[in-house]
Amino acid sequence: MKNFYWLIQGDALKVLPKLEDESIDMIITDPPYTKDGIRLYGHLAKEGARLLKNGRYLFAYCGAQFLPDALQLMTLH
């Protein structure tokens, strides 16, 4: 049996809503380390909860100065 892998690169705000529920094995992302970029962590967590297969992972890089805010937004989902 062959395994098939797809790498999807793009703007998470545009790409993630188009994907099917529970269809993703892993999300790795590096949002901008800016005050405006903080809002993206909540979006990523919400979409990750919908998209990721059971037991899979979302890895999001974050600048240390924004980590508390990013975690607060992500833990809502």
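## A tour around helix α2

Start by selecting D21: with a relative accessibility of 46%, this residue counts as partly exposed. Keep in mind as you look around that this is a predicted model.

Now add R50 to your selection. The two residues form a salt bridge, and their closest N and O atoms are 2.5 Å apart. This pair links distant parts of the chain: D21 sits in the loop between α1 and β1, R50 sits in helix α2, and 29 residues separate them. R50 is also partly exposed, at 24% relative accessibility.

Stay on R50 and select E47 as well. Here is another salt bridge, with the closest N and O atoms 2.7 Å apart. Both partners lie in helix α2, 3 residues apart, which is about one turn of the helix. E47 is buried, with a relative accessible area of 11%. Show D21, E47 and R50 together, and you have one network, joined by salt bridges that share partners.

Next, colour the whole of helix α2, residues 39–51. Its 13 residues reach 19 Å from the first C-alpha to the last, close to the expected 18 Å. Which parts of the structure cover its buried residues? They include α1 (12–15), β1 (24–29), β2 (52–60) and α3 (67–74). Among the buried residues themselves are L40, Y41, L44 and L51.

For the last stop, select K53 and D25, whose side chains meet in a salt bridge at 3.3 Å, N to O. K53 lies in strand β2 and D25 in strand β1, so this pair ties together parts that are 28 residues apart in sequence. K53 is partly exposed at 31%, and D25 is partly exposed at 38%.

Definitions and conventions: Residues numbered from 1 in each chain as written. Predicted model: local features only at pLDDT ≥ 70, side-chain atom pairs only at ≥ 80, totals over all residues. Heavy atoms only, no water. Helix = DSSP H or I, 4+ residues; strand = E, 2+ residues; numbered from the N terminus. Expected span 1.5 Å × (residues − 1). Buried < 20%, exposed > 50% of the residue type's maximum accessible area, 1.4 Å probe, protein only. Contact = heavy atoms within 4.5 Å. Salt bridge = Lys/Arg side-chain N within 4 Å of Asp/Glu carboxyl O.
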